[in-house]
Protein chains: 2
Amino acid sequence: MYAIGMMKKTEPNVRGPSEHNVRDQIVNAAAEYFSRYGYEKTTVSDLAKAIGFSKAYIYKFFSTKQAIGEVICSNTLSAILQAVEEGVSDADSASESLRRVFRVIVETSSQLFFEDRKLYDIAASAATEEWQACTDYQESIKKIILDIVRQGRETGEFERKTPIDETVNAIYFVMLPYSNPLLLQHNLTIADQAPMVLSNLILRSLAP
Amino acid sequence: MYAIGMMKKTEPNVRGPSEHNVRDQIVNAAAEYFSRYGYEKTTVSDLAKAIGFSKAYIYKFFSTKQAIGEVICSNTLSAILQAVEEGVSDADSASESLRRVFRVIVETSSQLFFEDRKLYDIAASAATEEWQACTDYQESIKKIILDIVRQGRETGEFERKTPIDETVNAIYFVMLPYSNPLLLQHNLTIADQAPMVLSNLILRSLAP
DNA sequence: CTAGTGACCATATTGTAATATAGTCACAAC
DNA sequence: GTTGTGACTATATTACAATATGGTCACTAG
């Protein structure tokens with residue numbers, strides 16, 4: 001078969017060769033259209049026209065429109081995660097890392113979903129229908145939090161009495177309303193104060 | 001004029017005598033209909049028919065349908081607050097009070113908005129359009145938290161370094177996604193674990 | 001075999017005409 | 001004065017036909 005890494009191709013709804021020029025063209029067109037006109041307003045025919053093929057040909061590569069959406073969504077969420085990880089790697093303490101995680105998530109998400117690009121409705125669909133990309137994203141955030149808490153505990157920066165799973169879960173719950181676009185939407189008015197205030201609360205709870 | 005206490009009659013959109021049999025009949029009918037058929041589905045004519053008067057007469061007492069909704073909403077939120085205050089008064093420490101606030105809010109809200117009664121859509125309208133009753137409710141919750149934190153600080157149960165406003169605000173922000181029906185809706189799946197886990201986090205952050 | 005498509009179907013979405021609703025007002029009965 | 005209403009308007013909602021969209025498939029070209 002094709003040379004496939006340990007990723008891709010495992011997910012269903014992805015057809016045809018995973019390395020293919022046309023697949024990339026579709027994804028690029030989708031990125032453009034979804035962010036400019038929104039996911040719902042963009043039709044598969046639009047994408048087909050944009051790259052000069054027929055609609056039917058698109059379905060040789062993706063089994064559904066949602067499958068295309070998943071890729072865009074996945075890329076977008078990856079971009080957020082990357083920004084988060086960048087912030088974390090620049091931090092010089094676990095506390096600072098946590099602050100940055102919170103701040104960067106809120107900032108980047110607000111920007112991507114509500115300002116720069118019209119990616120809100122794809123994120124909304126993704127969150128409502130619990131696409132794979134979303135649950136993966138939430139898992140990644142949990143893992144980042146876990147790593148930071150671990151590190152903080154090792155350096156003695158954080159307390160060690162509370163079961164680490166509970167600590168991580170609690171922090172995750174606090175951040176959830178700001179990392180899920182469906183919820184963030186309702187919290188936009190406090191999205192500028194929340195990261196600061198809540199980070200402080202979390203860090204107080206982590207004090208040894 | 002009428003003998004008016006320091007309340008009622010101050011809010012606009014409330015017409016006619018504030019003590020009046022018919023006003024109560026309207027409110028009772030509304031409570032029944034809104035919780036059975038929902039706020040949006042209930043028409044003002046329905047209420048009129050239910051109490052045997054004409055629709056026009058209703059408008060002698062309430063300037064808009066929303067004004068009726070505000071009363072029902074206000075009563076419902078008052079019921080939640082009462083349950084919360086009951087829980088608090090039964091608690092024997094500030095910590096226990098905080099736990100109960102969180103637990104009772106989630107339990108009572110879930111029940112009222114999503115199980116027992118179909119009050120969700122009135123609460124949703126209220127939250128979306130920021131009715132007075134809602135902002136009052138949120139203020140009340142903030143005040144309850146403030147009182148508990150104050151008490152906890154006095155008894156030495158809680159730390160006193162953090163500015164009390166920030167502490168209260170942070171706790172309030174943590175509870176917000178569970179006290180606002182619009183947000184609670186998306187958190188129903190974790191609504192059983194959240195109060196426990198998040199109360200623990202809050203209490204750890206309050207440790208002296 | 002691979003690359004690519006027009007024609008097709010079932011369901012979703014839109015436009016629009018018909019209906020229902022929130023809210024007003026002049027007026028009647030007492 | 002108070003209690004109460006039918007008739008009215010402007011806007012919102014519904015019902016439904018017309019159209020658009022997601023998705024499939026048999027087929028052609030090389």
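**Chain pairing, core and DNA-facing surfaces**

In this predicted model, 18 residues of chain B are in contact with 18 residues of chain A. On chain B, three helices each supply at least two residues of the side that touches chain A: α8 (164-179), α9 (181-187) and α10 (194-206). The most comes from α10(B), which gives seven residues. By class, this side of chain B has 11 nonpolar, five polar and two charged residues. Of the interface residues of chain B, 100% are also interface residues in chain A, so the copies meet through the same surface.

The two chains were then superposed. Two copies of a chain are related by a rotation about an axis and a shift along it. Here, a turn of 180° and a shift of 0.0 Å along the axis lay chain B on chain A, with an RMSD of 0.0 Å. This relation is that of a two-fold axis. In chain B, the C-alpha of B:Ser205 is nearest the axis. The distance from that C-alpha to the axis is 1.7 Å.

The fold of chain A was examined next. Chain A has 10 helices and zero strands. Along the principal axes, the C-alpha trace of chain A spans about 60 × 45 × 30 Å. Chain A has 208 residues, and buried residues make up 36% of them. Contacts between residues at least 6 apart in sequence were also examined in chain A. Of these contacts, 66% join residues at least 24 apart.

The largest nonpolar core has 105 residues. Within this core, A:Ile105 and B:Ile105 have the most contacts. In chain B, domain 1 (21-63) and domain 2 (70-206) each give at least three residues to the core. With neighbours within four places in sequence left aside, A:Ile105 is in contact with five residues. These are A:Ile80, A:Val84, A:Met175, A:Tyr178 and A:Ser179.

A second position in chain A, A:Ala123, lies in helix α6 (residues 120-128). A residue is buried if 20 or more other C-beta atoms lie within 10 Å of its own. A:Ala123 has 28 C-beta neighbours inside 10 Å, so A:Ala123 counts as buried. When residues up to four places away in sequence are not counted, A:Ala123 touches A:Cys73, A:Phe113 and A:Pro181. A:Asn180 is 57 residues from A:Ala123 along the chain, yet their C-alpha atoms are separated by 8.5 Å.

Both DNA strands were considered in turn. Around DNA strand C there are 14 residues. The closest are A:Phe53, A:Ala56, B:Thr43, B:Ala56 and B:Lys65. Two or more residues of the surface near DNA strand C come from each of α3 of chain A, α2 (44-51) of chain B and α3 of chain B. This surface has seven nonpolar, five polar and two charged residues.

DNA strand D also has 14 residues around it. Those that come nearest are A:Thr43, A:Ala56, A:Lys65, B:Phe53 and B:Ala56. The elements that give two or more residues to the surface near DNA strand D are α2 (44-51) and α3 (55-58) of chain A, along with α3 (55-58) of chain B. By class, the residues near DNA strand D divide into seven nonpolar, five polar and two charged.

Conventions:
Residues numbered from 1 in each chain as written. Chains lettered and ligands numbered in written order. Predicted model: local features only at pLDDT ≥ 70, side-chain atom pairs only at ≥ 80, totals over all residues. Near = placed C-beta within 6 Å. Helix = DSSP H or I, 4+ residues; strand = E, 2+ residues; numbered from the N terminus. Nonpolar A, V, L, I, M, F, W, Y, C, P; charged D, E, K, R; others polar. Core = buried A, V, L, I, M, F, W, Y, C linked by C-beta atoms within 7 Å. Buried ≥ 20, exposed ≤ 12 C-beta atoms within 10 Å, placed from the backbone. Domains from an automatic or database assignment. Contact = placed C-beta atoms within 7 Å. Least-squares fit on C-alpha atoms with pLDDT ≥ 70 in both.
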